[in-house]
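Please open the model in your viewer and keep the selection panel at hand. The tour below goes from one selection to the next and says what is found at each stop.

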Amino acid sequence: MSGEVVYPRLDQAAVETLAGQLAAQAPISGILSLEGELGAGKSTFARAFLRSLGVTGTIRSPTYTLVEPYVIDQPAGPEQVLHLDLYRLGDPEELDYLGVRDEIDQALLLVEWLSQAGGELSADLRLFLRGDPAEPECRDVTLSAVTPAGADWLRRVSGH
Ligand SMILES: Nc1ncnc2c1ncn2[C@@H]1O[C@H](COP(=O)(O)OP(=O)(O)OP(=O)(O)O)[C@@H](O)[C@H]1O
Ligand SMILES: [Mg+2]
């Protein structure tokens, strides 16, 4: 599916602004895969995304719970967002016990380490954060659409 946009050298504030732009255009359901090595900024992005959807309470990292659910109170967009970190997922079947499969049609999923799902979940849009040791405060961010829904989302954000 067509659609890739690169945002070079974003500092943390710029990554958080981009998270807000993606949140403002987010579909009701679908999967955004957050990619990049340990410490790349996946959870930082997710936190900014959730804050801009009006989440005011504590935003915990799903490091150990694997999934943290949020109810969104906004006039449009997703009504439920699941933040997943599958780094410690032992077996893709565990996704059943986590209730993820029951929610998938009515929630937007932000997923760190989606590759651990063994193909049980597939991204609509992928966001890849790449650090540069020479510029520790900057990330190159690439957004790649995987499905038509992801391409529409990306188009709404990037304007082309
Ligand atoms: N431009 C930037 N964008 C995002 N985070 C940044 C940036 N510059 C510095 N940081 C810092 O990098 C760290 C990113 O940590 P974060 O927990 O978000 O990474 P992660 O990709 O979720 O890691 P993990 O794979 O362990 O879950 C934070 O401390 C954040 O403040
Ligand atoms: Mg993380």
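Is E112 buried or exposed? Select E112 in this predicted model, and you will find that the residue is buried, with a relative accessible area of 3%.

**The magnesium ion**

Now add ligand 2, the magnesium ion, whose protein donors are the OG atom of S43 and the OE atom of E112, lying 2.1 to 2.2 Å from the ion. Because S43 lies in helix α2 and E112 in strand β5, which runs over residues 108–112, the pair ties together parts of the chain that are 69 residues apart in sequence. If you colour by accessibility, S43 also counts as buried, since its relative accessible area is 19% and the limit for that class is under 20%.

**Ligand 1**

Next, select ligand 1 together with the 18 residues that surround it, the closest of which are Q12, G39, K42, S43 and T44. Three polar contacts are worth displaying here. A nitrogen atom of ligand 1 is 3.0 Å from a polar backbone atom of L10, while an oxygen atom of the ligand is 2.9 Å from a polar backbone atom of G39. At K42 the partner belongs to the side chain, where an N or O atom is 2.7 Å from an oxygen atom of ligand 1. The protein covers 74% of the 650 Å² of accessible area that ligand 1 has on its own. The elements that give two or more residues to this shell are α1 (12–24), α2 (42–52) and β7 (135–145), and by class the shell has 6 nonpolar, 5 polar and 7 charged residues.

**Helix α2**

Keep α2 selected and hide the ligands, so that its buried residues can be picked out: K42, S43, F45, A46, A48, F49 and L50. Display the rings of F45 and F49, whose centres are 6.1 Å apart and whose planes are at 40 degrees, so the pair is tilted; the structure holds 2 aromatic pairs. Being 4 residues apart in α2, F45 and F49 are separated by about one helical turn. An α-helix has 3.6 residues a turn, so residues three or four places apart point the same way. F45 is buried at 0% relative accessibility, and F49 is likewise buried, with a relative accessible area of 0%.

For the last stop, move past the end of α2 to G54, which follows the helix and has a positive phi, near 95 degrees.

Key
Residues are numbered from 1 along each chain as its sequence is written. Chains are lettered from A and ligands numbered from 1 in the order in which they are written. This is a predicted model: local features need pLDDT of at least 70, side-chain atom pairs count only at pLDDT 80 or more; totals for chains, interfaces and linings use all residues. Side-chain values use heavy atoms; hydrogens and water are left out. A residue is near a molecule or strand if one of its heavy atoms lies within 4 Å of it. A polar contact is a pair of N or O atoms within 3.5 Å; within protein, one must be able to donate a hydrogen and the other to accept it, and residues adjacent in sequence count only if both atoms are side-chain atoms. Accessible areas come from the Shrake-Rupley method with a 1.4 Å probe; for residues, only the protein chains shown count as cover. Ala, Val, Leu, Ile, Met, Phe, Trp, Tyr, Cys and Pro count as nonpolar, Asp, Glu, Lys and Arg as charged, and the others, Gly among them, as polar. Donors are N, O and S atoms within 2.8 Å of the metal (3.2 Å for Na, K and Ca); water is not among the atoms, so sites may look incomplete. Buried means under 20% relative accessible area, exposed over 50%, partly exposed in between (1.4 Å probe, protein chains only). Rings of Phe, Tyr and Trp (its six-membered ring) pair if their centres lie within 6.5 Å; planes under 30 degrees apart count as stacked, over 60 as edge-to-face and the rest as tilted.
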